Amino acid sequence: MRIVFLGTPEFAVHSLKRVLEDGYTVAAVVTQPDRPVGRKQVLTPSPVKAFAAEKQIPVFQYEKIRKEGVGDLRALAPDLMITCAFGQILSQEILDIPKFGVVNVHASLLPKYRGSAPIQWAVINGEKKTGITIMQTEAGVDTGSILLQKELEIGANETAGELSERLSLLGADAIGEALPVIAGGAAVWVKQDEERATHVKMLVKEDGKMDFTRSAEEVRNLVRGVNPWPGAYFEY
C-alpha cells in the first residue's frame with residue numbers, strides 16, 4: 001500500500017515511524033513550512049520533516065495545501081493518506097485522491113474533544129481518561145466515522161506534555177493496528193454520535209492565565225494542562 005503521511009509536530013513522528021517499520025511504502029511526507037524558533041528566530045524544520053529527511057523520504061511543504069498541493073498529491077497517486085496533527089484542513093478535492101481515502105490519528109476519544117489541542121484541554125478540564133481515535137478524515141473538523149479507539153488513563157500529576165508523549169506512542173500502535181484492516185478491505189466504520197460531540201479551540205498564551213476565584217483543583221489542572229506551552233502565569 002502506497003501512503004502519503006501528513007504531520008508536523010513531535011507527536012506525529014511515532015506514527016510515521018510505525019508505518020515505515022511495518023513495511024508500508026511512504027511515497028512522501030507533507031508538513032508545515034519551516035518556522036522561526038527561539039529568541040534568534042532561527043528557521044527550523046518541523047520534527048516530522050527532520051525525521052523524513054533522515055529516512056530520505058521526499059518532503060512537501062505548503063502554506064495552504066488546498067491551493068498549492070492538489071497537483072503534487074495527485075501525481076504521487078497514494079492508495080491512502082494519513083494525517084496526524086498536520087495543522088491544516090484538507091479540501092474535498094484532496095480527500096478524494098486516495099483509493100482508501102484519508103485517515104486521521106486523533107488524540108481524543110471522539111466525539112469528545114474535536115478540534116485543536118485536545119490533549120491540553122482534557123487535562124485542563126480534569127478528565128480522568130483520554131485516548132486515540134483512528135477516523136476517516138472528512139471536510140468537517142474531526143467529524144468522520146471511527147475505525148478504532150484506544151483508551152489511556154490520565155495520571156493524577158501528569159502534564160499535557162507528558163501525556164502527549166504517551167499518546168504519541170499509543171497513536172503509533174493504533175495506526176499499526178488499523179492499516180492491515182484498511183488494506184485488507186475489512187474496515188468497519190462507525191458514525192460518531194453527534195449529540196455527544198464537544199469542541200475545543202486552539203490554545204493561546206492567554207489561556208495560561210490562572211484565575212484564583214476557581215477551585216484549587218481547577219487551577220492545578222490548568223497548570224498541568226498548559227505545561228509545557230503556553231505555561232501558567234498570574235498577574236499581581
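The following dialogue concerns helix 2 and the two largest pockets of a predicted model.

Visitor: Why are Val48, Phe51 and Ala52 of helix 2 called buried?

Guide: The term requires under 20% relative accessible area. Val48, Phe51 and Ala52, in helix 2 (residues 47–54), are classed as buried, so each falls under that limit.

Visitor: How do you know that these buried residues lie on the same side of helix 2?

Guide: Around the axis they cover an arc of only 100°, which places them on the same side of helix 2. In an α-helix there are 3.6 residues a turn, so residues three or four places apart point the same way. On the other side of helix 2, Ala53 and Glu54 are exposed.

Visitor: What do the buried residues of helix 2 pack against?

Guide: Their partners are strand 1 (2–7), helix 1 (10–21), strand 2 (25–31) and strand 5 (59–61). The criterion is heavy atoms within 4.5 Å, so the buried residues of helix 2 reach that range with these four elements.

Visitor: What makes Gly87 a polar residue in the lining of the largest pocket?

Guide: Gly is counted among the polar residues, so Gly87, one of the residues nearest the centre of this pocket, belongs to that class. The lining divides into 25 nonpolar, 18 polar and five charged residues, and the pocket has a volume of about 1,700 Å³.

Visitor: Why does the lining of the second largest pocket have five charged residues?

Guide: Asp, Glu, Lys and Arg count as charged, so Asp207, Lys209, Asp211, Arg214 and Glu218 qualify. The lining also has four nonpolar and no polar residues. Helix 8 (residues 216–225) gives the largest share, three residues.

Methods. Residues are numbered from 1 along each chain as its sequence is written. This is a predicted model: local features need pLDDT of at least 70, side-chain atom pairs count only at pLDDT 80 or more; totals for chains, interfaces and linings use all residues. Side-chain values use heavy atoms; hydrogens and water are left out. Buried means under 20% relative accessible area, exposed over 50%, partly exposed in between (1.4 Å probe, protein chains only). Helices (H or I, at least four residues) and strands (E, at least two) are DSSP runs, numbered from the N terminus. The arc is that of the directions from the helix axis to the C-beta atoms. On a 1 Å grid over the protein atoms alone, a cavity is a set of points where a 1.4 Å probe fits but cannot get out, and a pocket is an open set with protein on both sides within 12 Å along at least five of seven lines; lining residues have an atom within 4 Å of a point. Grid points are joined across faces, edges and corners, and a volume is the space filled by probe spheres set on the points.
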